[in-house]
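Got your viewer open? Let's take a walk through the pockets of this one, selecting as we go.

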Amino acid sequence: MTHRIVIVGGGAGGLELATRLGKTLGKRGTASVMLVDANLTHIWKPLLHEVAAGSLNSSEDELNYVAQAKWNHFEFQLGRMSGLDRQRKRIQLAATYDEAGVELLPARELGYDTLVIAVGSTTNDFGTQGAAQHCLFLDTRKQAERFHQQLLNHYLRAHAGQTDAVEQISVAIVGAGATGVELAAELHNAAHELAAYGLDRIQPENMHITLIEAGPRVLPALPECGFRSTVTGRFG
Ligand SMILES: Cc1cc2nc3c(=O)[nH]c(=O)nc-3n(C[C@H](O)[C@H](O)[C@H](O)COP(=O)(O)OP(=O)(O)OC[C@H]3O[C@@H](n4cnc5c(N)ncnc54)[C@H](O)[C@@H]3O)c2cc1C
């Protein structure tokens, strides 16, 4: 029987691995390569701040797993891994539901000879009280789209407003690493774009962006010299 390699998680690591193994072992028929992901498409996570700000249409930049599998000699299965039986060498996938809540795929099991788990990570809120309930996180495409929708809704409400009051929006970004800094810059641009497109009840100067960082400066992971040129390049 052909050796079965199952990779769970089609992110930066899992997708690359499935593609490379598919193009080599899969193509030669030495092994069967299967990628499992909870979503049908992949979007490169470092682009999520652009999805959140609305400067990137996620459906234009996403990669479809089914097509990627077809071109690169591996198989794709849609489903969220919910359990693992190492004795029987099987993984369990939970049932998948469509947007209307109707079951699309039933819960099922898949057998493997070699299993790679590459399900990524999520933001650490360090147990900060209220963070999980009240903050928007930026780990997945859905979360980025939710942020963008809330931003747009705020502008639409202001646009429909009947009073002469000055409309404002405040966004607090926790974490001044690359994502936080880039998001701040993208939002600054978005404020100008939205006003230029007619949603001008909130003037660009009335979008207040606060970047919160525990360290002494923004972009703490960058060396001091890189930090200076990056900030200068981005903000002028
Ligand atoms: C907003 C943001 C910006 C970033 N910017 C940068 C950057 O500029 N440079 C950089 O080097 N890194 C950046 N990173 C980090 C980088 O994206 C991660 O290091 C990288 O994506 C990790 O790859 P991974 O394959 O381990 O996991 P991921 O890319 O997170 O992929 C995990 C995959 O597993 C799937 N999955 C999760 N759970 C299950 C399950 N139970 N069953 C089935 N599938 C599952 C998910 O749908 C996803 O497709 C950024 C991350 C974020 C969130």
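Start with the lining of the largest pocket and colour it by class: you should get 18 nonpolar, 14 polar and ten charged residues. Bear in mind that this is a predicted model.

To centre the view, select Asp-37, Ala-38, Asn-39, Arg-80 and Thr-140, which lie nearest the middle of this pocket among its 42 lining residues. The space inside comes to about 1400 Å³.

Now switch to cartoon. Which elements each supply at least two residues of this lining? Highlight α1 (12–28), β2 (31–37), β3 (41–42), β8 (96–97) and α6 (141–160). Next, colour by domain: domain 1 (3–117) and domain 2 (131–235) each contribute at least three residues to the lining of the largest pocket.

On to the second largest pocket, with about 1200 Å³ of space. Pick Leu-136, Phe-137, Leu-138, Ile-173 and Val-174, the closest to its centre out of 33 lining residues. Colour this lining by class too, and the second largest pocket shows 17 nonpolar, twelve polar and four charged residues.

Where does the second largest pocket lie relative to the domains? Domain 1 and domain 2 both give residues to its lining, so the pocket sits between them.

For the cartoon view here, bring up α2 (48–53), α5 (131–134), α6, β12 (169–174) and α7 (178–196), each of which provides at least two lining residues of the second largest pocket. Linger on β12: the largest share of that lining, six residues, comes from this strand.

Last stop: hide everything except α6 and α7. Their axes come within 12 Å and cross at roughly 40 degrees. Oblique is the label for angles that are neither under 35, over 145, nor 65 to 115 degrees, and α6 and α7 are therefore oblique to each other. Rotate until one helix is in front of the other and check the handedness: α6 passes α7 in a right-handed crossing.

Definitions and conventions
Residues numbered from 1 in each chain as written. Predicted model: local features only at pLDDT ≥ 70, side-chain atom pairs only at ≥ 80, totals over all residues. Heavy atoms only, no water. 1 Å grid on protein atoms, 1.4 Å probe; cavity = no way out; pocket = protein on both sides within 12 Å on 5 of 7 lines; lining within 4 Å. Points joined across faces, edges and corners; volume = space filled by probe spheres on them. Helix = DSSP H or I, 4+ residues; strand = E, 2+ residues; numbered from the N terminus. Nonpolar A, V, L, I, M, F, W, Y, C, P; charged D, E, K, R; others polar. Domains from an automatic or database assignment. Axes fitted to C-alpha atoms, helices over the stretch in contact; angles between N-to-C directions. Left-handed = near helix turned anticlockwise from the far one by under 90°.
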